[in-house]
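I opened the notebook to go through this structure piece by piece. My plan is to take charge pairs, then strands, then loops and surface.

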Amino acid sequence: MVMKEMVMKEMVRRNKMVMNRPELVLKSINAVFAKSLLDQTAEDEIKKVAEVVTSEGASEEYVFFDSMPAVNEFLDKIDYQKFKSFYLQIQNKEWQYGVPIKRTIIEDTVVNGLQPQIQKFIQEGVRSWVDFPMQLISELLLNGGSNNAFDGTPFFANSRPELEGGSAINNIISGKSITLSQIATDLLDAINRLLSFKAKNGRAYNRNAKFLVITPPHLASNFWTLQRADRLDSGKANIFANNIDILINYDQDITNNDWYLVNSNAVVKPFIYQKRKEPLFDMVDNQDEPIVKFFSTARANAGYGNPMSIVMVNN
């Protein structure tokens, strides 16, 4: 009987040692990581400002038009209206996130469980990848005054000669400043500006618009007030209440007071986010080192989409 108990204890000990191998801990990490990533995905939020595309190669090419044919009365023949095509290519890039974990922590990982240090590492990894698309879009916003859109004009520009008809398409507004009343004035100007954009054939770009503000964190409280309050400080009715959505750009610097108004209901959103390979963890295990290097990689990229569906308020 004693011998049988000793044999069973030895089997349990060996099983625990098997579970403590880095490659088996990696399987547990990926299982928890994949579930957590799915639970915390911000893709629905990103879809308000970007076309989310599954990429099938090293790059993707997108086609845009200077206008689309308008509906006219059918008299004696179909009117095949001509329009100009533009092409934009977005090349996928490789992205990585890595962290070293002490071998002793891995050795102490128990059956069907992960040490708190590893759990924390997974949570940080999930948050990094969830926030990643917005980081790319934040960079596009920051550089929109110098980087070109599909029409060869800077994404934020005072006019778009290739696209506009009788009036200029100017998606830059000079902001008055950042007090609540000044932001309210600028927001109304931005809405009117967005609704004024028309194609060469006179068709409005932003019919049935839904308004979303991309704001830096330090201006968010002003927009929350405009989103919820019945009245402004002046006593006037707040026409923005329940009419705007808010997306906080956490990567925008506190010294940057620019904010953006987006038509989240646009046929084509201001940005494109394409994903080629979802993140997944792997490892490098050099047996003579006291650490095991765990890392995750993905392939994706973002680029400019429709500049007529966004206005920058420059402060």
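**Entry: salt bridges**

I started with K293. K293 forms a salt bridge with E289, and the closest N and O atoms are 3.9 Å apart. The cut-off is 4 Å, so this pair counts. The model is a predicted one, and I keep that in mind throughout. I then looked up the exposure of both partners. K293 is partly exposed at 33% relative accessible area. E289 is partly exposed too, with 27%.

Next I went to E278 and K275. Their side chains meet in a salt bridge at 3.6 Å, N to O. Is K275 buried or exposed? K275 is buried, because its relative accessible area of 16% falls under the 20% limit. Its partner E278 is partly exposed at 47%.

I also looked up K48 and D245. Their side chains form a salt bridge of 2.7 Å, N to O. What does this pair tie together? K48 lies in the loop between helix 3 (43–46) and strand 1 (50–54), and D245 lies in strand 7, so the bridge ties together parts that are 197 residues apart in sequence. On exposure, K48 comes out at 32% relative accessible area and is partly exposed. D245 has 27% and counts as partly exposed.

I noted a network as well. K176, D186 and D189 are linked in it by salt bridges. How many salt bridges does the structure hold? I find 11. As a general note, side chains of opposite charge can pair when their charged atoms come close.

**Entry: strand 6 and its partners**

I moved on to strand 6, which spans residues 211–215. Why is strand 6 called largely enclosed? Five of its five residues are buried, so the rest of the structure largely encloses it.

I sorted the side chains by direction. F211, V213 and T215 point one way from strand 6. L212 and I214 point the other way, and all are buried. I set the general rule beside this: in a regular strand the side chains alternate between the two faces of the sheet.

Which way do strand 6 and strand 7 run? They run parallel, joined by five bridges. The chain goes from strand 6 through helix 7 to strand 7, and this β-α-β crossover is right-handed. For a single pairing I picked V213, whose bridge partner in strand 7 is I246.

Strand 8 (residues 259–263) also pairs with strand 6. Those two strands run antiparallel and share four bridges. Here F211 stands opposite N263 of strand 8.

**Entry: helix 7 and the loop after it**

I looked up Q227 in helix 7. Q227 is buried, with 15% relative accessible area. What does Q227 touch, leaving aside neighbours within four places in sequence? Its contacts are F240, A241, N242, I244, D245 and I246. Two names recur from above: D245 is the salt-bridge partner of K48, and I246 is the bridge partner of V213.

N242 drew a closer look. N242 sits in the loop between helix 7 (220–228) and strand 7 (244–248). Its phi is positive, about 65°, although N242 is not a glycine. N242 is exposed, with 72% relative accessible area.

I found a positive phi at N208 too. The value is about 55°, and N208 is not a glycine either. N208 belongs to the loop between helix 6 (180–196) and strand 6 (211–215). At 68% relative accessibility, N208 counts as exposed.

**Entry: nonpolar patch and strand 3**

I turned to the surface. Which residues form the nonpolar patch there? The members are V63, F65, F83 and Y87, with about 370 Å² of accessible area together. F65 lies in strand 2 (residues 59–65). F65 is partly exposed at 31% relative accessibility.

I finished with S85, found in strand 3 (residues 85–91). S85 is partly exposed, with 32% relative accessible area. Beyond residues up to four places away in sequence, S85 touches V63, F64 and F65. V63 and F65 are both in the patch I listed. I also took the distance from S85 to S67. The two are 18 residues apart in sequence and 9.0 Å apart in space, C-alpha to C-alpha.

Technical notes: Residues are numbered from 1 along each chain as its sequence is written. This is a predicted model: local features need pLDDT of at least 70, side-chain atom pairs count only at pLDDT 80 or more; totals for chains, interfaces and linings use all residues. Side-chain values use heavy atoms; hydrogens and water are left out. Buried means under 20% relative accessible area, exposed over 50%, partly exposed in between (1.4 Å probe, protein chains only). Contact means heavy atoms within 4.5 Å. Patches are made of residues with over 30% relative accessible area and no salt bridge: like charges are joined within 9 Å, nonpolar side chains (Val, Leu, Ile, Met, Phe, Trp, Tyr) within 5 Å. Accessible areas come from the Shrake-Rupley method with a 1.4 Å probe; for residues, only the protein chains shown count as cover. Two strands pair if DSSP finds at least two bridges between them. A crossover is right-handed if, with the strands pointing away from the viewer, the path from the first strand over the helix to the second runs clockwise.
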